[in-house]
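Work through these exercises with the sequence and the structure open. Try each task before reading its solution.

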Amino acid sequence: MIDRIYERWASCLRQQTQRPAYLLIADLIADGVNNGEFQARDRLPPLRELAVVLSLNYTTVTRGYAEARKRGLIDSRPGMGSFIRGKVPAIPLSSGSSYDMTMNSPIEPAAPDVAEAIRQGALNLFAHKEIYSLLRYQDFGGTLSDKEAAMIWLGKRLPKLELDEVLVCPGIHSVLVALVTLLGRKGGEICVGSLIYPGLKAIASQLNITLRALECDGDGPLPRAFENQCQTGQISALYLNPTINNPTTITVPLRRRESLADIALRYSVPIIEDDAYSALPERGVAPFAELAPELTWHITGLSKCFGAGLRIAYVKGPGRRSTQLLAGALRALTVMSSPITNALATQWIGDGTADNVLSAIRQEARLRQQLAARHLHKFHYQADCDGFHLWLHLPKQLHWNPSDVAIRLREQGVSAVSSAAFSTDNNPPAALRLCLGGALNRQLCEDNLTIVADLMEYPEHFTSGAL
């Protein structure tokens, strides 16, 4: 079986002539880990032996293994060879289930009055709603009352809305699956930043859609990089997470948004605006749906500003016909969103509870960001005062592998994710995303920040395992 794996590698390398061979080797190792061909501690061939099998020079194979180590896929020991590290283990929850550490958990505010309002709203709904109406099949896109609630929530950022351009959907991730399916039918690639929501990477991989990484700076994707890709005629969409970006926390400023929107308009490239965090800042930047309404799919929801279990998304499409096409794709993939979930969201938006929860989350996020500033002020990190994650840069002089650091921190209960999880250009920076929302209370959040600060200030703890 192992021989067949490396024979297939050789075939892939012969067919793929545009991508550097050393990067392909790392890609093939990653694919083997993800699809189960490799298990943790499987031994890889010696460098010279693999070079012969793949008809490559020794230096290229050495670079391939080095790239795989950089991504946290393998370990190498002098005199022992290289071994598969396997998938990063999940951290068990108290309930016994496992938690996907790539999720950016929102804050659960310690506000008894808010919790009681949530409870009373739910009780009021079930006391007055005809229960069987919530247990029947419904047309996709939400009832009239659900859509009206969606327009209230979307209206916080979008000034002009038409009812027939709005859909109520079962979560942002589901919408992304349907959009990538819909937009990928004609082929082409989706332009993305160099660091993006890992869920989109997984979706694109499952649907065999290529993500084309754009060069970025501190304001987001570079317009010239986007236009260069548009000129190839191979781009089917531009994906952006423009507000409190996951993971970098960047909010794309208005001037950059205008430049990207202008290019998209000139080349008729649809824009997927994943604005999951747009409700968190009290004052936002004009969305792409306002700058290029005829091209933009604007997606937001309640999972990041109310609770992760409230799997509901609100979509404003670029016109009635396009919105109907998305509804058809989502109906085929998900049948419908849960009428009970929709009704709860509508209840909480209508009675003001959603606004109160959002305000409490925003207040707690600011307090936790102040804690982060106090504990991590000596180190280089990016954050938004209204967000509940930060982007921590590891000291370059230490040459730490971010995946190793993330695993060590997660063993201590810190919600840390390596940059490799977000990277689309196979060149992840030495950085981690830290989630401040996963901690159930402020004290636990501060304890976690203390662990991170100790690791950064006393790096010998990491190398000695004394953390």
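## Exercise 1: A salt bridge across the sequence

Lysine 156 pairs with aspartate 355 in a salt bridge, with the closest N and O atoms 2.7 Å apart. The model is a predicted one.

Task: Place lysine 156 and aspartate 355 in the chain, then decide whether lysine 156 is buried, partly exposed or exposed.

Solution.
1. Start with lysine 156. It sits in the loop between helix 6 (144-154) and strand 5 (166-169).
2. Move to aspartate 355. It belongs to helix 14 (residues 353-376).
3. Look at the spacing. The two residues are 199 residues apart, so the pair links distant parts of the chain.
4. Turn to accessibility. Partly exposed covers the range between 20% and 50%. Lysine 156 has a relative accessible area of 36%, so it is partly exposed.
5. Check the partner. Aspartate 355 is also at 36% relative accessibility and therefore counts as partly exposed.

## Exercise 2: Charged side chains in domain 1 and just after it

Task: Find the salt bridge between glutamate 67 and arginine 71, and say whether each residue is buried or exposed.

Solution.
1. Take the contact. The side chains of glutamate 67 and arginine 71 form a salt bridge at 3.0 Å, N to O.
2. Apply the cut-off. Buried means under 20% relative accessible area.
3. Glutamate 67 is at 7%, so it counts as buried. Arginine 71 is at 13%, so it counts as buried.
4. Widen the view. Asp27, Glu67 and Arg71 are linked in a salt-bridge network.
5. Compare another pair. The side chains of arginine 85 and aspartate 75 meet in a salt bridge at 3.8 Å, N to O.
6. Arginine 85 lies in the loop between strand 2 (81-84) and strand 3 (91-92), and aspartate 75 in strand 1 (residues 74-77), so this pair ties together parts ten residues apart in sequence.
7. Put the pairs in context. The count for the model comes to 22 salt bridges.

## Exercise 3: The contact of domain 1 and domain 2

Task: Describe how domain 1 and domain 2 meet, and which helices of domain 1 take part.

Solution.
1. Set the bounds. The domain assignment gives domain 1 (1-84), domain 2 (100-106 + 359-461) and domain 3 (112-354).
2. Count the residues. Eight come from domain 1 and six from domain 2.
3. Take the distance. The centres of domain 1 and domain 2, over C-alpha atoms, are 31 Å apart.
4. Take the area. The two domains bury about 540 Å² between them, with 34% of it on carbon and sulfur atoms.
5. Look for pairs. The interface has zero salt bridges. Two residue pairs are in polar contact there.
6. Name the helices. Helix 2 (21-34) and helix 4 (58-70) each supply at least two residues of the domain 1 side. Helix 4 gives the largest share, three residues.
7. Sort by class. The domain 1 side has one nonpolar, one polar and six charged residues.

## Exercise 4: A buried asparagine

Task: Locate asparagine 342, and say which side chain it meets in a polar contact.

Solution.
1. Asparagine 342 is in helix 13 (residues 339-350).
2. Its relative accessible area is 2%, so asparagine 342 is buried.
3. The side chains of asparagine 342 and serine 337 are joined by a polar contact of 3.0 Å.
4. Leaving out residues up to four places away in sequence, asparagine 342 touches Asp146, Val168, Ile312 and Ser337.

Methods
Residues are numbered from 1 along each chain as its sequence is written. This is a predicted model: local features need pLDDT of at least 70, side-chain atom pairs count only at pLDDT 80 or more; totals for chains, interfaces and linings use all residues. Side-chain values use heavy atoms; hydrogens and water are left out. Domain bounds come from an automatic or database domain assignment. Contact means heavy atoms within 4.5 Å. Buried area is the accessible area (1.4 Å probe) that two parts lose on being put together, summed over both. A salt bridge is a side-chain nitrogen of Lys or Arg within 4 Å of a carboxyl oxygen of Asp or Glu. A polar contact is a pair of N or O atoms within 3.5 Å; within protein, one must be able to donate a hydrogen and the other to accept it, and residues adjacent in sequence count only if both atoms are side-chain atoms. Helices (H or I, at least four residues) and strands (E, at least two) are DSSP runs, numbered from the N terminus. Ala, Val, Leu, Ile, Met, Phe, Trp, Tyr, Cys and Pro count as nonpolar, Asp, Glu, Lys and Arg as charged, and the others, Gly among them, as polar. Buried means under 20% relative accessible area, exposed over 50%, partly exposed in between (1.4 Å probe, protein chains only).
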